[in-house]
Amino acid sequence: MKVHHWAAVACLFVVGGMVRADEKTDRTERLEVDDKYIMKAVVFNNATIQTAKLVESRSDNEQVKAFAKQVIEDHNKASEELGKVIKDRKLSVVAGLEKETREEIDRLSKLKGAEFDREYLAHFIKCHEKCLK
């Protein structure tokens with residue numbers, strides 16, 4: 001599902017493109033906004049990968065497992081692209097997950113089977129919708 005990889009990269013560059021199109025801001029301000037968005041994309045991408053890793057141990061559904069495997073592959077590719085941007089811009093990344101993500105992983109890790117699948121997929125959709133806003 002290359003769609004996930006490209007959706008993640010699109011999330012990164014759609015907003016960046018909007019910022020660049022704004023002629024009222026100077027280049028320094030645009031780069032600062034772009035850098036902040038890039039850092040948010042890194043956090044989102046890492047959270048998506050970590051959440052998808054729960055599927056192997058919590059889901060009984062082979063389709064959900066295949067979906068999560070593809071999500072991990074796609075977001076790892078997005079991480080590579082983000083890594084290039086971070087290196088080019090000489091940005092530093094904070095290791096670890098945000099509190100909200102840790103709490104969601106904790107909540108999901110207490111579920112199993114169909115209940116886990118339902119909640120994981122709902123979480124996945126909610127997070128990706130949030131990213132695109």
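A residue counts as exposed when its relative accessible area is over 50%, and as buried when that area is under 20%. The exercises below use this wording for a predicted model.

**Exercise 1. Decide whether Lys90, Ala95 and Thr51 are buried or exposed, and place each of them in the chain.**

Step 1. Begin with Lys90, which lies in the loop between H4 and H5. Its relative accessibility is 74%, and because exposed means over 50%, Lys90 counts as exposed. The backbone of Lys90 deserves a look as well, since its phi is near 55°, a positive value in a residue other than glycine.

Step 2. Continue with Ala95, whose place is also in the loop between H4 and H5. With a relative accessible area of 74%, Ala95 is exposed. The C-alpha atom of Ala95 is separated by 9.6 Å from that of Asn46, although the two residues are 49 residues apart along the chain.

Step 3. Finish with Thr51, which lies in helix H2, made of residues 27–53. Thr51 has a relative accessible area of 3% and is therefore buried. Leaving aside its neighbours within four places in sequence, Thr51 is in contact with Ile105, Leu108, Tyr120 and His123. The C-alpha atoms of Thr51 and Ser109 are separated by 9.2 Å, and these two residues are 58 residues apart along the chain.

**Exercise 2. Describe the protein chain as a whole, using its secondary structure, its buried residues and its contacts.**

Step 1. Count the elements of secondary structure: the protein chain has six helices and zero strands. Reading along the sequence then gives the pattern α-α-α-α-α-α.

Step 2. Turn to burial, where buried residues make up 38% of the 133 residues in the protein chain.

Step 3. Consider the contacts in the protein chain with a separation of 6 or more, of which 78% are accounted for by residues 24 or more positions apart.

**Exercise 3. Work out how helix H6 is oriented relative to H4 and relative to H5, and which residues meet in each contact.**

Step 1. Recall what has to be found: two packed helices are described by the angle between their axes and the distance between the axes.

Step 2. Take helix H4 (residues 62–89) and helix H6 (residues 113–132), whose axes come within 11 Å and cross at roughly 30°. Angles under 35 degrees count as roughly parallel, and H4 and H6 are therefore roughly parallel to each other. Their crossing is left-handed.

Step 3. List the residues that make this contact, which are Val64, Phe67, Ala68, Val71 and His75 of H4 together with Asp117, Tyr120, Leu121, Phe124 and His128 of H6. Sorted by class, the residues of the contact of H4 with H6 are seven nonpolar, two polar and one charged.

Step 4. Now take helix H5 (residues 99–109), whose axis comes within 10 Å of that of H6, with a crossing of roughly 160°. Angles over 145 degrees count as roughly antiparallel, and H5 and H6 are therefore roughly antiparallel to each other. H5 passes H6 in a left-handed crossing.

Step 5. List the residues here too: Glu100, Glu104, Arg107 and Leu108 in H5 meet Phe116, Glu119, Tyr120, His123 and Lys130 in H6. The contact of H5 with H6 holds three nonpolar, one polar and five charged residues.

**Exercise 4. Find how many aromatic pairs the structure has, and explain how Phe67 and Phe124, and then Phe116 and Tyr120, are arranged.**

Step 1. Search the whole structure, which yields three aromatic pairs.

Step 2. Examine Phe67 and Phe124, whose aromatic pair is edge-to-face, with 5.0 Å centre to centre and 80° between the planes. Because Phe67 lies in helix H4 and Phe124 in helix H6, the pair ties together parts that are 57 residues apart in sequence. Phe67 is buried, and Phe124 is buried too.

Step 3. Compare the arrangement of Phe116 and Tyr120, whose ring centres are 5.9 Å apart and whose planes lie at 5°, so that the pair is stacked. Phe116 and Tyr120 are four residues apart in helix H6 and are therefore separated by about one helical turn. Both of these residues are buried.

Step 4. Put the rings together: ring pairs link Phe67, Phe116, Tyr120 and Phe124 into a cluster.

Conventions: Residues are numbered from 1 along each chain as its sequence is written. This is a predicted model: local features need pLDDT of at least 70, side-chain atom pairs count only at pLDDT 80 or more; totals for chains, interfaces and linings use all residues. Side-chain values use heavy atoms; hydrogens and water are left out. Axes are lines fitted to C-alpha atoms, for helices over the stretch in contact, and angles run from 0 to 180 degrees between N-to-C directions. Helices (H or I, at least four residues) and strands (E, at least two) are DSSP runs, numbered from the N terminus. Angles under 35 degrees count as roughly parallel, over 145 as roughly antiparallel, 65 to 115 as roughly perpendicular and the rest as oblique. A crossing is left-handed if the near helix is turned anticlockwise from the far one by less than a right angle, and right-handed if clockwise. Contact means heavy atoms within 4.5 Å. Ala, Val, Leu, Ile, Met, Phe, Trp, Tyr, Cys and Pro count as nonpolar, Asp, Glu, Lys and Arg as charged, and the others, Gly among them, as polar. Rings of Phe, Tyr and Trp (its six-membered ring) pair if their centres lie within 6.5 Å; planes under 30 degrees apart count as stacked, over 60 as edge-to-face and the rest as tilted. Buried means under 20% relative accessible area, exposed over 50%, partly exposed in between (1.4 Å probe, protein chains only).
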